[in-house]
Amino acid sequence: MKKYLNDKRKILSLTLKAFLVLILLLLLLWGPALYRTGYIISHVVPGVPKWFEWGKYDFQMNEIEFKRQNGTAHSNKIDYTTQIVDIYRSIGTKKSSFVILFPGFTDKGSKDPRLVNFAEALARAGIGVAIPQSFTIRSSVFTSNDIDRIRHTFRFLQGENYVDKDKIGIIGFSVAGSYVLRAASELGNKPLFILSLGAYYDLSELIVSILYEKAFYNGKERTWKPNSFPKKLVRDYLNNQIGIE
């Protein structure tokens with residue numbers, strides 16, 4: 001009986017040691033990612049306990065100007081445009097992964113509090129953030145210039161020594177979700193990831209849905225009552241395109 005109990009204790013001891021070794025390995029492999037995820041969630045989601053505040057980074061935000069080239073090397077005329085991007089960086093990290101955030105239509109643009117809060121959470125978790133400034137986003141105007149802003153911001157980051165150029169992702173919200181898909185298609189396989197949230201995949205279909213107050217999907221339709229904002233977008237777009245008041 002005594003030998004049996006000793007054997008059971010040894011088995012339990014070995015099992016516990018193996019379990020602790022497994023936990024240690026998981027922490028070494030996944031610990032930083034788990035911490036970052038936990039901190040971002042606790043920072044962004046209201047009411048979540050602030051369990052991860054102890055490990056956060058300090059960060060800095062700077063408005064950076066850079067020149068982007070318009071046209072191509074084969075164009076008869078090449079000129080340059082100044083672009084401004086808000087850069088959020090963790091203090092104390094020499095080189096980090098980066099995320100380009102691009103908002104949907106908001107009159108506050110890159111300074112929208114929701115976007116800023118998210119950018120700060122990422123920066124405090126050790127992930128750099130770039131938010132291109134856009135007058136057309138603030139004015140709720142559809143334009144391919146915003147696709148160019150995303151592409152040029154990506155290429156600007158690739159040239160900075162504080163950026164891990166192989167770890168740059170792009171996130172777009174609402175109409176900007178469509179912009180990032182188009183921009184990524186022109187960047188080839190360079191973006192580490194693309195996240196499109198609430199994108200408009202077909203502008204003509206969207207206009208029809210808003211005008212008829214119906215949503216269409218897989219040959220089916222349902223009633224949809226858009227608020228005043230999408231109706232204003234359609235009215236302004238049609239007015240700019242074909243002069244409909």
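**Figure 1. Surroundings of K167 in strand 5 of the predicted model.** K167 counts as partly exposed, because its relative accessibility of 42% falls between the limits of 20% for buried and 50% for exposed residues. The residue belongs to strand 5. Apart from neighbours within four places in sequence, K167 is in contact with S97, F98 and L192. The C-alpha atom of K167 lies 8.9 Å from that of K190, a residue 23 positions away along the chain.

**Figure 2. Pairing of strand 5 with strand 6.** Strand 5 spans residues 163-173 and strand 6 spans residues 194-197; the two pair in the parallel sense over four bridges. Within this pairing, I171 stands opposite L195 of strand 6. Between the two strands the chain passes through helix 5 (residues 175-187), and the resulting β-α-β crossover is right-handed.

**Figure 3. The aromatic pair F98 and Y162, with R89.** The structure holds four aromatic pairs by the criterion of ring centres within 6.5 Å. In the pair shown here, the ring centres of F98 and Y162 are 5.9 Å apart and the planes meet at 50°, so the arrangement is tilted. The two residues are 64 residues apart and link distant parts of the chain: F98 belongs to strand 3 (residues 96-102), whereas Y162 lies in the loop between helix 4 (145-158) and strand 5. Both F98 and Y162 are buried. The charged end of R89 sits over the ring of Y162, at 4.0 Å from the ring centre.

**Figure 4. The aromatic pair F105 and F142.** The rings of F105 and F142 have centres 5.1 Å apart and planes at 75°; the pair is therefore edge-to-face, as the angle is over 60 degrees. F105 is located in the loop between strand 3 and helix 2 (113-124), and F142 in the loop between helix 3 (135-138) and helix 4, so the pair ties together parts of the chain 37 residues apart in sequence. F105 is buried, with a relative accessibility of 14%, while F142 is partly exposed at 23%.

**Figure 5. Contacts of H152 in helix 4.** H152 is part of helix 4. Its relative accessible area is 16%, so H152 counts as buried. With neighbours within four places in sequence set aside, H152 is in contact with F66, R68, Q69 and Q83.

**Figure 6. The buried and exposed sides of helix 6.** Helix 6 comprises residues 203-212, and its buried residues are L206, I207, S209 and I210. These residues lie on the same side of helix 6, because they cover an arc of only 160° around the axis. An α-helix has 3.6 residues a turn, so residues three or four places apart point the same way. On the other side of helix 6, L211 and Y212 are exposed. Just after the helix, E213 takes a positive phi of about 55°.

**Figure 7. The chain as a whole, as context for the close-up views.** Seven helices and eight strands make up the secondary-structure elements of the chain. Of its 245 residues, 37% count as buried. Among contacts with a separation of 6 or more, 62% are between residues 24 or more positions apart.

Key. Residues numbered from 1 in each chain as written. Predicted model: local features only at pLDDT ≥ 70, side-chain atom pairs only at ≥ 80, totals over all residues. Heavy atoms only, no water. Pairing = 2+ DSSP bridges. Right-handed = clockwise from strand over helix to strand, strands pointing away. Phe/Tyr/Trp six-rings, centres within 6.5 Å; stacked < 30°, edge-to-face > 60°. Buried < 20%, exposed > 50% of the residue type's maximum accessible area, 1.4 Å probe, protein only. Lys NZ or Arg CZ within 6 Å of the ring centre and 35° of its normal. Contact = heavy atoms within 4.5 Å. Arc of directions from axis to C-beta.
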